[in-house]
Amino acid sequence: MTEKRSYLDTPGHLAFLTVVAFWAAASSGSPLYVRVLAGVSAACTAVHLAVLLVRRRRDRRTVAGGS
């Protein structure tokens, strides 16, 4: 039986979080500590999104090559 995936680990959700975090980091109305934390959060989310997309591509190639 397949396990139900959460929308929280989808590329669309991660891209949304990345954009929101970069937006908060670039906002001049926010205090410095909020901008720094948002920038770190955006960078981590962008790296996680890239890793997720690379894994999905590798899995697709493995499945396509194995059949």
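**Entry 1: a patch on the surface**
I began with the outside and found a nonpolar surface patch of about 270 Å², made by Phe16, Leu17 and Val20. I note here that the model is a predicted one. Next I looked up where Phe16 sits: it belongs to helix H1, which covers residues 11-26. Is Phe16 buried or exposed? Its relative accessible area is 52%. Exposed means over 50%, so Phe16 counts as exposed.

**Entry 2: helix H2**
I then turned to helix H2, residues 32-66, and checked its length. Its 35 residues, at 1.5 Å a residue, should span 51 Å. I looked up the C-alpha atoms at its two ends, and they are 51 Å apart, so the expected span and the model agree.

Which residues of H2 are buried? I listed Ala38, Ala42, Thr45, Leu49 and Leu52. I also asked what covers these buried residues, and H1 is part of the cover.

**Entry 3: the whole chain**
I stepped back to count elements: the chain has two helices and zero strands. The radius of gyration of the chain is 16 Å, while the globule rule gives 11 Å for 67 residues; 16 Å is well over that, so the chain is more spread out than a compact globule. I also noted the box that the C-alpha atoms fill, roughly 55 × 25 × 15 Å along the principal axes.

**Entry 4: inside and outside**
How much of the chain is buried? Buried residues make up 16% of the 67. For the outside, I wrote down an accessible surface of about 5,500 Å² for the chain, with 66% of it belonging to carbon and sulfur atoms.

Key:
Residues are numbered from 1 along each chain as its sequence is written. This is a predicted model: local features need pLDDT of at least 70, side-chain atom pairs count only at pLDDT 80 or more; totals for chains, interfaces and linings use all residues. Side-chain values use heavy atoms; hydrogens and water are left out. Patches are made of residues with over 30% relative accessible area and no salt bridge: like charges are joined within 9 Å, nonpolar side chains (Val, Leu, Ile, Met, Phe, Trp, Tyr) within 5 Å. Accessible areas come from the Shrake-Rupley method with a 1.4 Å probe; for residues, only the protein chains shown count as cover. A salt bridge is a side-chain nitrogen of Lys or Arg within 4 Å of a carboxyl oxygen of Asp or Glu. Helices (H or I, at least four residues) and strands (E, at least two) are DSSP runs, numbered from the N terminus. Buried means under 20% relative accessible area, exposed over 50%, partly exposed in between (1.4 Å probe, protein chains only). The expected span of a helix is 1.5 Å times one less than its number of residues. Contact means heavy atoms within 4.5 Å. The radius of gyration is taken over C-alpha atoms; the globule rule is 2.2 Å times the number of residues to the power 0.38.
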